[in-house]
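Trainee: Could you help me learn to read a protein structure? I would like to go through it feature by feature.

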Amino acid sequence: MTYCLGIITQHGLVIAADSRTNAGVDYISTYQKLFDFSLPDQRVILLCTSGNLSMTQAVLHALRRDLKLGEGDTLHSLPTLFDTARYVGAKIRQVQEQDRSWLERDKIDYHCSCLLGGQLPGEEPALYLIYSQGNFVQATRETPFLQIGETKYGKPILDRTLTFETPLEAATKCALLSIDSTMKSNISVGPPINLISYAANSFNVKHQLRLRIGDPYLAKIRKLWETSLRQAFDQMPDIEWDHDLGNLQEDIFTD
């Protein structure tokens, strides 16, 4: 399992991913999940992968092969990010179809999914979640983030803090805290953490970070976040046990 997260605001994009691959408690490996296919000053294309590792690696190989051959559609030739999402979805279907019967025979889960974010000339930044079936959804102003992999532990902070107007630096901190919260609750998600922040209309990825195990900054934000949560918890008012007790008694006698 892994955890990948994309955030879009009016200021740009944040993409983050862990690097842990878990094939059982006795086999945990590290593989990169966040990839930059951008062309500086021309187009920004960022891709996160989650799911069956052999499938995602085969999809990445197919995308790179098309770029190398330069024939037909490629990540660098398609005119819109929507078309790029359809192209990546078609590659997922193609790769899965080649190995599906063999994997199904041995009851191996072959599903995978991707986050695609970026900006092409003449468009605003966009963010897509591409499903294993090749179809996809787009992040919106009302739902400015998308997740794949182990999503549940890192979602509450996103729901409570993010809006489309959130500054890019704040969205970046939120992404990192979301991943850290997931690592705290699930051993199948872990560092190194790859993080990219892209400012809208710059067409250059200027800020990217890789946080490894034991990184001082990662340890610092975890400690500060846990301290802040405890302080907020301590400031919550005690439960008022007599609150609305009359209605409860009335409901009992009525029933």
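Trainee: How many of the 7 residues of S11 are buried?

Mentor: Good place to begin, and keep in mind that this is a predicted model. A residue counts as buried when its relative accessible area is under 20%. In S11, 6 of the 7 residues meet that test, so the strand is mostly covered.

Trainee: Which strands make up the sheet, and in what order?

Mentor: Start with the general idea: strands of a sheet pair through backbone hydrogen bonds, either parallel or antiparallel. Here the sheet is open and has 5 strands, in the order S10-S1-S2-S11-S12, with antiparallel pairing. From one strand to the next, the twist averages 10°.

Trainee: Which strands stand at the edges?

Mentor: Those are S10 (145–149) and S12 (207–211). Each has a single partner strand, so one side of each is left without a neighbour in the sheet.

Trainee: What joins S11 to the strands beside it in that order?

Mentor: Look at the bridges. Strand S2 (residues 12–17) is joined to S11 by 6 bridges, and the two run antiparallel. S11 (residues 193–199) also pairs with S12 in the antiparallel sense, over 5 bridges. You can follow this residue by residue: Ala 16 has Leu 195 of S11 as its bridge partner, and Leu 195 in turn has Leu 209 in S12. Another pair to find is Ser 197 with His 207 of S12.

Trainee: Now the helices, please. At what angle do H1 and H2 pack?

Mentor: For helices, we look at the angle and the distance between their axes. Helix H1 (residues 53–69) and helix H2 (residues 81–105) pack at about 130°, with their axes 9 Å apart. That angle makes H1 oblique to H2. Their crossing is right-handed. Residues in the contact include Ala 58, Val 59 and Ala 62 of H1, along with Val 88, Ile 92 and Val 95 of H2. By class, the contact of H1 with H2 divides into 10 nonpolar, 2 polar and 4 charged residues.

Trainee: And how do the axes of H4 and H5 cross?

Mentor: Helix H4 (residues 168–185) and helix H5 (residues 216–235) have axes that come within 11 Å and cross at roughly 80°. The two helices are therefore roughly perpendicular to each other.

Trainee: Which residues meet there?

Mentor: Among them are Leu 176, Leu 177 and Asp 180 in H4, and Leu 218, Ile 221 and Trp 225 in H5. The contact of H4 with H5 has 7 nonpolar, 1 polar and 4 charged residues.

Definitions and conventions
Residues are numbered from 1 along each chain as its sequence is written. This is a predicted model: local features need pLDDT of at least 70, side-chain atom pairs count only at pLDDT 80 or more; totals for chains, interfaces and linings use all residues. Side-chain values use heavy atoms; hydrogens and water are left out. Axes are lines fitted to C-alpha atoms, for helices over the stretch in contact, and angles run from 0 to 180 degrees between N-to-C directions. Helices (H or I, at least four residues) and strands (E, at least two) are DSSP runs, numbered from the N terminus. Angles under 35 degrees count as roughly parallel, over 145 as roughly antiparallel, 65 to 115 as roughly perpendicular and the rest as oblique. Contact means heavy atoms within 4.5 Å. Ala, Val, Leu, Ile, Met, Phe, Trp, Tyr, Cys and Pro count as nonpolar, Asp, Glu, Lys and Arg as charged, and the others, Gly among them, as polar. Two strands pair if DSSP finds at least two bridges between them. A crossing is left-handed if the near helix is turned anticlockwise from the far one by less than a right angle, and right-handed if clockwise. Buried means under 20% relative accessible area, exposed over 50%, partly exposed in between (1.4 Å probe, protein chains only).
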